[in-house]
Amino acid sequence: MTSQDNKWIGKRTIRPDGADKVTGRAAYAADSTMPGMIWGKILRSPHPHARIKSIDTSKAAALPGVKAVMTGQDIVDFPVDKSVMLGIQDMRWMARNVMARDKALFAGHPIAAVAATTESIAARALELIEVDYEVLPWVIDVQEAMKPDAPILHDFLQFEGKPSNIAGTLEHKLGDIDAGFAEADVIIERSFHTAPVHQGYIEPHACLVSVSPDGKATIWSSSQGQFMVRAMCAYLTGLPQSDIRAIPAEIGGGFGGKTIIYLEPVALILARKSGRPVKMTMSREDVFRASGPTSGAYSTVKMGATKDGRIVAAQGTFYLQAGAFPGSPIRGAAGCAFTPYDIPNVHALGYDVVSNRSKVAAYRAPGAPIGAYAAECVLDELAEALKIDPLELRLKNAAKQGTKAAYGPTFPRIGYVETLKAAMEHPHYKAPLGPNQGRGVASGYWFNAGGESSAQVNIAEDGTVIVITGHPDVGGSRASTANIAAELLGIDYRKVSVLIGDTSTVGFSNLTGGSRVTFASAIVVTQSTEKVITQLRERAAKIWKIDPEAVVWENGEARPVSDNAGKFPPLTLPEIAAKANATGGPIGAGAQLNTTGAEGGFGTHICDVEVDPEVGTVRVVRYTAFQDVGRAIHPSYVEGQIQGGVAQGIGWALSEEYIYDKNGKVDNPGFLDYRMPVCSDLPMLDAVMLEIPNPKHPQGVRGVGEVPLVPVLSAVANAVYDALGHRFYSLPMSPPKILAEIEPPPMAQAAE
């Protein structure tokens with residue numbers, strides 16, 4: 001079935017949550033209130049590294065209005081010598097990240113918490129908590145953290161038989177890397193630095209937790225997964241999961257940063273202690289100091305090619321900052337860097353390195369943009385050395401059906417070649433450039449994912465449809481779900497309501513992340529809807545007193561399969577629903593599945609920049625992103641995902657970075673000094689969707705949300721080189737760095 005055959009799939013239907021969000025009716029976590037509610041606040045470490053010798057909370061507890069006080073001793077203690085995994089997260093580290101136990105490991109690390117009748121009383125109580133610290137040496141930079149004399153964060157971490165800040169490695173090998181480089185005529189090797197950057201979601205973390213007299217807890221919070229919230233809170237507080245109900249509020253952005261918890265277990269413990277509902281919110285400064293950015297990194301990439309442009313070897317080493325606890329996204333860096341290409345000899349090695357900064361969290365294709373930045377910039381240098389057009393070089397070496405990736409799989413039908421050809425044929429690639437302008441290209445890959453999902457489809461008495469899924473809607477999944485259910489049922493999409501169920505109303509569903517939700521939810525919604533259609537045929541057969549096999553469902557109506565089955569007028573969905581009680585009762589069905597068949601996604605980007613040599617600013621003047629999206633269930637949302645990823649990548653490339661002061665604290669913990677791009681910084685970001693359906697999915701969905709960030713850093717860097725003739729191996733390419741490369745530096749010369 002093509003998009004032209006569809007009535008709703010592939011159409012730009014009105015988003016079901018749009019009116020509530022633009023009018024302010026949508027309820028976010030910070031909007032939650034309850035009678036008797038009190039306020040929780042967290043005391044955070046002023047030191048990046050310090051031993052906690054003692055904590056005295058007695059004065060805080062005695063302050064009138066304070067109802068509860070807690071420290072790390074109230075969190076379940078997991079021994080450090082054995083992992084306790086929940087998905088990809090280790091509860092040993094999560095427990096110590098939520099509340100420090102023996103040491104403060106970053107400036108902003110939670111030390112204690114209070115709950116009081118007002119926010120001002122809670123703030124005053126924090127000032128009364130006395131903490132005796134033994135301040136220790138600290139390390140922020142990933143290269144510094146790996147030196148033999150670096151301060152060690154965790155005595156139990158060992159690397160090559162010695163205490164180390166290297167928490168682990170990940171390695172991928174394909175072919176014979178030495179033989180590959182021996183075959184090469186041209187070899188380029190470069191090293192790169194990227195700064196830690198934050199996801200930049202507009203809504204800070206917030207939650208409200210109540211505990212009833214029977215010990216049952218209810219959590220309202222901003223997260224990318226209510227089942228994750230329930231499970232992690234159970235682990236960290238010792239409550240059974242059956243005693244916790246997690247309800248997802250609307251979410252004001254996450255991009256991976258809300259796939260773990262910060263406040264919820266603290267509020268839960270305070271609520272248990274006080275017997276009152278506890279509300280907690282993070283300030284923007286709290287978000288920057290104590291929630292997870294993505295890693296800063298140091299990477300080295302070496303690639304070799306023959307004179308005719310055949311890439312024969314690629315080697316990459318990626319050192320990623322994990323923050324205070326193990327868990328940097330080395331899988332994305334090492335696994336994705338070279339995957340767009342059919343290279344016979346590959347060696348990729350990732351290092352997970354702890355340092356005295358907040359624990360990293362996922363950020364949209366975690367790790368992959370870091371790997372692509374290094375690989376795609378080196379690839380551009382190869383093209384220049386070989387005097388081959390950079391897109392031609394990519395096309396000559398492009399991965400396609402049958403290509404084996406170094407991280408494991410052999411690709412089925414994929415659309416990477418199509419993205420390259422579309423870019424080469426696009427008017428953007430042939431358009432003239434002006435003074436001080438340059439053009440860069442880059443490609444990128446992300447794995448995509450399936451995983452556990454649940455859905456329920458119910459027919460209301462009036463024939464409208466209610467679909468319940470278990471995934472917080474971050475990227476438009478409600479609109480896509482409505483399109484799919486309406487298409488299958490043959491009804492108007494406005495007759496379909498899509499709700500996000502909580503942990504007590506829908507079956508287990510994994511996180512919203514990994515570009516998995518439209519892929520996975522579409523499968524279980526399709527299965528549920530097909531079961532409902534079978535019931536509708538059976539109900540019509542009962543009414544007509546014929547065999548259900550003699551009934552078909554077409555365009556929202558039950559019809560006899562032929563005149564031989566009987567000449568009955570069609571029965572519409574509302575008509576069947578009106579007779580539901582007489583024909584067997586309520587109509588509805590659900591599906592729960594660990595979905596499989598997800599396939600990776602590819603994108604190719606073209607970026608034009610203009611550099612102002614007087615002040616060193618770089619402005620993106622044109623950007624076009626080409627992506628194999630599988631099937632665009634809701635094209636407007638797909639375009640929005642692509643544009644959003646590009647906008648974030650431009651910020652990462654040009655202006656965003658964590659800056660630490662001489663005391664090891666984040667020095668720019670707010671949007672005034674942490675420079676995210678705004679609308680006036682960007683041109684129209686053009687998205688070109690290529691639909692090469694995934695044959696393993698009922699609607700051909702491939703996964704969209706993470707690929708668009710992957711190529712951006714390198715596309716912008718390659719464009720800046722084209723404009724200036726100088727390559728930049730460190731991000732962001734901020735004005736001081738640009739000016740330092742321009743000869744002679746006009747401002748410096750004037751000052752002299």
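**Rings and charges: worked exercises**

K302 lies over the face of F181, 4.4 Å from the ring centre. Keep in mind that this is a predicted model.

**Exercise 1.** Find the charged end that sits over the ring of Y721, and give its distance from the ring centre.

*Solution.* Start with the cut-off: for Arg, CZ has to be within 6 Å of the ring centre and within 35 degrees of the ring normal. The residue to pick is R727, whose charged end sits over the Y721 ring at 3.7 Å from its centre.

**Exercise 2.** Classify the ring pair Y319 and Y351, then place both residues in the chain.

*Solution.* A search of the whole structure gives 26 aromatic pairs, and here we take one of them. The ring centres of Y319 and Y351 are 4.7 Å apart and the planes make 20 degrees, so this pair is stacked. Next, place them: Y319 is in strand β18 (residues 311–323) and Y351 in strand β19 (residues 346–354). They're 32 residues apart, and the pair links distant parts of the chain. Finally, check the burial: both Y319 and Y351 are buried.

**Exercise 3.** Do the same for Y445 and F602, and list the cluster they belong to.

*Solution.* Centre to centre we get 4.8 Å, with 45 degrees between the planes, and the pair counts as tilted. Y445 lies in strand β20 (residues 437–446) and F602 in strand β28 (residues 601–612), so their contact ties together parts 157 residues apart in sequence. Y445 and F602 are both buried. Now for the cluster: ring pairs join Y445 and F602 with Y341, Y407, F411, Y416, W446 and F447.

Notes: Residues are numbered from 1 along each chain as its sequence is written. This is a predicted model: local features need pLDDT of at least 70, side-chain atom pairs count only at pLDDT 80 or more; totals for chains, interfaces and linings use all residues. Side-chain values use heavy atoms; hydrogens and water are left out. Rings of Phe, Tyr and Trp (its six-membered ring) pair if their centres lie within 6.5 Å; planes under 30 degrees apart count as stacked, over 60 as edge-to-face and the rest as tilted. Helices (H or I, at least four residues) and strands (E, at least two) are DSSP runs, numbered from the N terminus. Buried means under 20% relative accessible area, exposed over 50%, partly exposed in between (1.4 Å probe, protein chains only).
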